[in-house]
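Report on backbone geometry, one buried arginine and the internal cavities. Please keep the sequence and the 3D view open while reading.

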Amino acid sequence: MAVSGRQTGRPTLEEVAARAGVGRGTVSRVINGSPKVSEQAKAAVERAVAELGYVPNRAARALAGSRTDAVALVVPETEARLFAEPYFLDIIRGVSAELADADKQLLLTLIRSEQERQRFEQYLAAQRVDGVLLVSVHGDDPLPDQVRALGLPAVLNGRRSQEEAVAFVDSDNTGAGRAAVAHLAARGRRAVATVTGPLDMYVARCRLDGYREGLAEAGLAADESLVANGDFTEEGGRRAMRELLDRRSDLDAVFAASDVMAAGARAVLREAGRRVPEDVALVGVDDSAVARHMDPPLTSVRQPIEEMGRAMARLLLQEIASPSAPGDQPRRMLPTELVVRASS
């Protein structure tokens with residue numbers, strides 16, 4: 001039986017959008033209190049909600065559209081590293097803000113063991129999320145391909161290789177290394193060392209490539225004794241810095257592939273009686289709170305981390321709404337920028 005030309009029962013989000021003369025996304029933003037809506041559209045939606053007696057019902061909408069209205073954000077790290085490193089928190093902040101605007105729930109998943117990985121794959125196979133965002137993925141990680149094999153959209157933060165087949169959002173990591181070395185060379189530094197990230201991650205290899213390109217462009221000889229491997233942790237930065245000082249006591253600059261590793265390197269330089277920047281100049285990557293609060297404040301290559309999170313969420317929402325053809329996965333590269341402070 002119909003009343004006023006409409007089926008009886010609970011009104012849908014689409015009906016509210018049609019009555020208000022706006023898109024479904026605009027209705028979602030109004031209902032969720034987003035400021036990104038004009039006053040005119042907000043008033044039209046509120047009027048339509050009142051006229052139709054609409055009450056948000058996530059479960060009903062999800063069943064009607066064969067959607068869960070949930071997105072998984074997967075971080076294959078421990079809680080200790082997740083909460084110790086500003087990078088992950090900024091990514092989560094950006095993802096969360098974008099998904100909230102789209103009326104999607106965020107499921108944060110840490111994978112710390114093979115058992116947890118298998119359990120998560122079973123969860124995905126049950127179609128309990130509409131898509132997956134993956135952060136801190138190593139080169140040999142099969143999870144992105146397994147997600148795609150299940151028919152779920154996926155977007156990576158960074159990529160596993162130059163030939164990445166899964167959608168991703170990345171920053172100019174090679175340019176970050178080049179900019180850091182160019183700055184140090186311009187300040188008259190000649191024995192420029194680097195602390196790399198884990199080299200099974202493409203991001204770390206790109207920053208190392210940029211370091212080497214920067215040396216060549218500055219007319220400085222590459223010397224492998226000035227390269228020490230780290231792992232993006234503070235302790236990894238400490239270990240690598242000790243190794244570098246043992247090998248090359250004459251080094252006068254260090255490019256650390258993350259701010260957190262730069263903090264570890266800074267502690268070891270202080271223990272060794274090396275002044276920053278008088279004896280050794282120091283540059284990191286991320287331009288995180290760590291950089292701003294170091295003593296002295298750290299010169300760092302800024303990547304727009306929160307915007308990367310937002311961009312990842314936007315790409316995933318696009319893929320959920322309208323999947324790309326195989327072999328035509330979307331990708332986005334964001335610029336980096338050197339922020340000069342007292343450490344260099």
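Where does D103 lie? D103 is in the loop between α6 and β4 (105-110). Elements here are DSSP runs, numbered from the N terminus: helices are H or I of at least four residues, strands are E of at least two.

This is a predicted model, in which local features need pLDDT of at least 70 and side-chain atom pairs count only at pLDDT 80 or more, while totals for chains, interfaces and linings use all residues. Residues are numbered from 1 along each chain as its sequence is written, and side-chain values use heavy atoms, with hydrogens and water left out.

**Backbone geometry**

Most residues other than glycine have a negative phi, and most peptide bonds are trans. The table lists the exceptions discussed here.

| Site | Feature | Place |
|---|---|---|
| D103 | positive phi, about 65 degrees | loop between α6 and β4 (105-110) |
| D287 | positive phi, near 55 degrees | loop between β11 and α13 |
| V276 to P277 | cis, omega near 10 degrees | P277: loop between α12 (259-271) and β11 (281-286) |
| D295 to P296 | cis, omega near 0 degrees | P296: loop between α13 (289-293) and β12 (299-302) |

D103 has a relative accessible area of 11%, so it is buried. Buried means under 20% relative accessible area, exposed over 50%, and partly exposed in between (1.4 Å probe, protein chains only). D287 also counts as buried, because its relative accessibility is 13%.

**R159**

R159 sits in the loop between β6 (154-157) and β7 (167-171). Its relative accessibility is 14%, so R159 counts as buried. Its side chain makes a polar contact with the side chain of D170, at 3.0 Å. A polar contact is a pair of N or O atoms within 3.5 Å; within protein, one must be able to donate a hydrogen and the other to accept it, and residues adjacent in sequence count only if both atoms are side-chain atoms. Leaving out residues up to four places away in sequence, R159 touches E164, F168, D170, Y202 and M333. Contact means heavy atoms within 4.5 Å.

**Cavities**

How many cavities of 30 Å³ or more does the structure hold? There are 3. The largest cavity has a volume of about 300 Å³. Of the 21 residues that line this largest cavity, Y87, N157, M201, V203 and F232 are the closest to its centre. A cavity is a set of points on a 1 Å grid over the protein atoms alone, where a 1.4 Å probe fits but cannot get out; lining residues have an atom within 4 Å of a point. Points are joined across faces, edges and corners, and the volume is the space filled by probe spheres set on them. α10 gives the most to the lining of the largest cavity, with 3 residues.

Methods
1 Å grid on protein atoms, 1.4 Å probe; cavity = no way out; pocket = protein on both sides within 12 Å on 5 of 7 lines; lining within 4 Å.
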